Amino acid sequence: MQISPLSRRGVLALSAAVALALAGCGDKSAPAAGAAAKAELTPVGIVQLVEHAALDACTKGVVDALAERGFKDGVNIKLDIQNAQGDQSNL
């Protein structure tokens, strides 16, 4: 059974929406500052299938939302943003 391109796009859009919704869940308070917070950076990964203005804006929105909640790259988290360049095997 072959999946139509329209269905494939729908699945990708739904997956992106679910990922963004889950990224917004959680405590909105800033993490506690202290020696324990600086001892180890929590890794946060963002994977993007292709470069596209809308997907790039989503990635920027996630990074901005994290910063808004006190999570900054190199301070208390380590961001790892990857782009598969359209090659699903890279995901």
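Helices here are DSSP runs of H or I with at least four residues, strands are runs of E with at least two, and both are numbered from the N terminus. With that in hand, Gln-48 sits in strand 1, residues 42-48. I'll come back to that residue.

Okay, some ground rules. What we have is a predicted model, where local features need pLDDT of at least 70 and side-chain atom pairs count only at pLDDT 80 or more, while totals for chains, interfaces and linings use all residues. Residues are numbered from 1 along each chain as its sequence is written, and side-chain values use heavy atoms, with hydrogens and water left out.

So, the overall layout. The protein chain has three helices and two strands, and from the N terminus on they come as α-α-β-α-β. Of its 91 residues, 11% are buried, meaning under 20% relative accessible area, with exposed being over 50% and partly exposed in between, using a 1.4 Å probe and protein chains only. The chain exposes about 7000 Å², and carbon and sulfur atoms supply 61% of that; these areas come from Shrake-Rupley with a 1.4 Å probe, and for residues only the protein chains shown count as cover. As for contacts, meaning heavy atoms within 4.5 Å, take those between residues at least 6 apart in sequence: 74% join residues at least 24 apart.

Now helix 3. At 1.5 Å a residue, its 16 residues, 53-68, should span 22 Å, and the end C-alpha atoms are 22 Å apart, so that agrees. The expected span, by the way, is 1.5 Å times one less than the number of residues. Which residues of helix 3 are buried? Thr-59, Val-62 and Leu-66 are. They cover an arc of only 60° around the axis, which puts them on the same side of helix 3; the arc is taken from the directions from the helix axis to the C-beta atoms. Turned away from that buried side, the other face carries the exposed residues Ala-53, Lys-60 and Glu-68. Just after the helix, Gly-70 takes a positive phi of about 95°.

Two of those buried residues show up again in the largest nonpolar core, which has five residues: Ile-46, Val-62, Leu-66, Ile-77 and Leu-79. Helix 3 and strand 2, residues 77-83, each supply at least two of them. A nonpolar core here is a set of buried Ala, Val, Leu, Ile, Met, Phe, Trp, Tyr and Cys residues joined through side-chain atoms within 4.5 Å. Leaving out neighbours within four places in sequence, Leu-79 is in contact with Val-44, Val-63, Leu-66 and Asp-73.

Also in strand 2 is Ile-81, partly exposed with a relative accessible area of 43%. With the same four-place cut, Ile-81 contacts Ile-46, Thr-59 and Val-63.

Back to Gln-48, then. Is it buried or exposed? At 8% relative accessibility, Gln-48 counts as buried. Its side chain makes a polar contact with the side chain of Thr-59 at 2.7 Å, and also reaches the backbone oxygen of Val-50 at 2.8 Å. A polar contact is a pair of N or O atoms within 3.5 Å; within protein, one must be able to donate a hydrogen and the other to accept it, and residues adjacent in sequence count only if both atoms are side-chain atoms.

Last one: Gln-85, in the segment after strand 2. Gln-85 has a positive phi of about 55° although it is not a glycine, and at 53% relative accessibility it counts as exposed.
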